[in-house]
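Have the sequence and the 3D view open while you read this. We'll start with one spot and then work outwards.

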Protein chains: 2
Amino acid sequence: MQLMEERILKDGVVRAGNVLKVDGFLNHQMDIDLFNEMGKEFFRLFGDEDVTKIVTIEASGIGIACIAAQYFHVPVVFAKKSESKNLDGDIYTSSVASFTHNKVYDIRISKKYLNENDRILLIDDFLAKGNALLGLLDICQQAGATVVGAGIAIEKGFQEGGQLLRKRGLRVESLAIVEAMDASGHIEFRPQ
Amino acid sequence: MQLMEERILKDGVVRAGNVLKVDGFLNHQMDIDLFNEMGKEFFRLFGDEDVTKIVTIEASGIGIACIAAQYFHVPVVFAKKSESKNLDGDIYTSSVASFTHNKVYDIRISKKYLNENDRILLIDDFLAKGNALLGLLDICQQAGATVVGAGIAIEKGFQEGGQLLRKRGLRVESLAIVEAMDASGHIEFRPQ
């Protein structure tokens with residue numbers, strides 16, 4: 001998606017440790033017009049898949065998922081990362097290692113909101129090592145739901161997540177795939 | 001907002017400890033059509049306030065804020081609850097005690113995304129003791145921004161947050177105010 005690549009070049013900042021900061025438009029301050037263009041593109045890619053639900057993970061995926069859901073006319077379910085009084089009863093759970101936060105945490109979705117008739121589109125802001133998506137996939141499989149694919153805003157193509165998930169047969173559509181980047185600010189995209 | 005009250009009566013569940021579970025449509029599974037009606041109502045209430053930015057807090061406020069932002073044509077900034085590699089440099093921070101999670105945590109917003117020219121609408125899913133909103137207010141005041149008000153999906157009118165914030169001069173507009181509820185399922189709303 002040319003718009004996403006252009007925006008990354010304009011406002012993205014490369015930091016040491018393979019960190020690509022896009023907090024000006026994607027995951028701290030959020031550009032809702034851009035999110036709408038992303039939602040339209042996800043619908044162009046997955047609109048014929050009879051999606052019944054979009055599943056994402058708190059926190060940065062939620063805004064993208066909600067805007068995209070307007071094109072699919074389906075509800076969004078977000079996996080929770082912490083224990084909460086609002087999440088009781090039967091839950092699906094999976095363990096996820098976070099690159100951004102340097103820790104392992106459990107993600108949880110109530111069994112009420114996923115079932116074997118669901119056709120799930122996963123949405124997230126970043127794909128790097130793929131741990132968050134693997135956790136969501138695991139939960140969807142526990143529910144017996146069909147995962148039609150994953151829509152990602154930015155994939156770090158130089159990390160293993162995308163390859164790992166595609167090898168498992170998951171259809172992964174990333175709006176921009178960063179093939180290489182360095183602290184001088186050079187960012188190179190994989191042609192799509 | 002009649003639609004919100006009706007939905008709470010239809011799908012809300014009262015649990016021991018003053019917990020109102022609305023995870024079927026508001027803060028775990030999210031009904032995006034309902035969110036759009038909420039966004040329109042927030043715009044009806046605050047549309048003449050020259051809002052420049054919507055500010056919310058992760059995670060449950062993000063979806064509501066993003067959908068509402070489409071009516072205001074402004075970006076959304078969400079306060080982060082955890083340390084993150086994606087949040088460095090100068091930040092505003094405030095401490096918040098959470099009723100839902102039984103702990104105190106810091107919330108953070110990068111100084112880049114709030115300034116003294118901003119006219120902020122705060123958005124959140126719940127108002128109970130008011131701690132999250134007080135934290136967001138504190139951060140907006142640190143930035144010198146003007147807070148035009150707070151748009152809340154559900155206020156627990158029998159807890160002190162709403163009164164506390166209104167006494168401080170904040171315009172608080174809650175789409176539904178629960179005046180009383182009990183474990184038998186009875187829910188009573190404050191007439192608005």
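Look at A:Q29, which stands opposite B:V77 in β5(B). The two letters in front tell you that this pairing goes from chain A to chain B. Keep in mind that what you are looking at is a predicted model.

A:Q29 sits in strand β3 of chain A, residues 29–30, and this strand pairs with β5(B) in the antiparallel sense over two bridges. On the chain B side, strand β5 covers residues 76–79. Are the faces of this strand covered or not? Both of them are covered: B:V76 and B:F78 lie on one side, B:V77 and B:A79 on the other, and all four are buried.

**The other neighbour of that strand**

β5(B) also pairs within chain B. Four bridges join it to strand β4 of chain B (residues 53–57), and here the two strands run parallel. If you want a place to find this in the viewer, B:I57 stands opposite B:A79 in β5(B). To get from β4(B) to β5(B), the chain passes through helix α3 of chain B, residues 60–72, and this β-α-β crossover is right-handed.

Now stay with β4(B) for a moment. Its residues point two ways: B:K53, B:V55 and B:I57 go one way, B:I54 and B:T56 go the other, and all are buried. That is five of the five residues, so β4(B) is largely enclosed by the rest of the structure. β4(B) has another partner too, strand β8 of chain B (residues 119–127), joined to it in parallel by three bridges. In this pairing, B:I54 stands opposite B:L121 in β8(B).

**A hidden helix in chain A**

Hop over to chain A and find helix α3, residues 60–72. How many of its 13 residues are buried? The count is 12 of the 13, so this helix is largely enclosed by the rest of the structure. Among the buried ones in α3(A) are A:I62, A:I64, A:C66, A:I67, A:Q70 and A:F72. Small residues are on the list as well, including A:S60, A:G61, A:G63 and A:A65. Just after α3(A), A:H73 takes a positive phi of about 55 degrees.

**How the two chains meet**

What rotation superposes chain A on chain B? A turn of 180 degrees does it, with 0.0 Å of shift along the axis and an RMSD of 0.0 Å. That is the relation of a two-fold axis. The same surface serves both copies, and 100% of the contact residues of chain A recur in chain B.

The contact takes 44 residues from chain A and 44 residues from chain B. Between them, about 3800 Å² of area is buried, and carbon and sulfur atoms give 54% of it. Two salt bridges are found across this interface. For a cross-chain pair to look up, try B:D23 and A:K112, whose side chains meet in a salt bridge at 3.9 Å, N to O.

**Salt bridges elsewhere**

Over all chains, the structure holds 26 salt bridges. Here are some within a chain:

| Pair | N to O distance |
|---|---|
| A:R44 and A:E41 | 2.8 Å |
| B:R166 and B:E155 | 2.8 Å |
| B:E173 and B:R171 | 2.9 Å |

Take A:R44 and A:E41 first. Both lie in helix α2 of chain A (residues 32–46), three residues apart, about one turn of the helix. An α-helix has 3.6 residues a turn, so residues three or four places apart point the same way. Are the two partners buried or exposed? A:R44 is exposed, with a relative accessible area of 59%, whereas A:E41 counts as buried at 17%, because the cut-off for buried is under 20%.

The pair B:R166 and B:E155 has another setting. It links distant parts of the chain: B:R166 is in helix α5 of chain B (residues 161–167) and B:E155 is in strand β9 of chain B (residues 146–156), 11 residues apart. B:R166 is partly exposed at 30% relative accessible area, while B:E155 is buried at 2%. In the B:E173 pair, B:R171 counts as partly exposed at 28%.

Some salt bridges share partners. In chain A, bridges of this kind join A:R7, A:K10, A:D11 and A:D31 into one network.

How values were computed:
Residues numbered from 1 in each chain as written. Chains lettered and ligands numbered in written order. Predicted model: local features only at pLDDT ≥ 70, side-chain atom pairs only at ≥ 80, totals over all residues. Heavy atoms only, no water. Salt bridge = Lys/Arg side-chain N within 4 Å of Asp/Glu carboxyl O. Buried < 20%, exposed > 50% of the residue type's maximum accessible area, 1.4 Å probe, protein only. Least-squares fit on C-alpha atoms with pLDDT ≥ 70 in both. Contact = heavy atoms within 4.5 Å. Pairing = 2+ DSSP bridges. Right-handed = clockwise from strand over helix to strand, strands pointing away. Buried area = accessible area lost by both parts, 1.4 Å probe.
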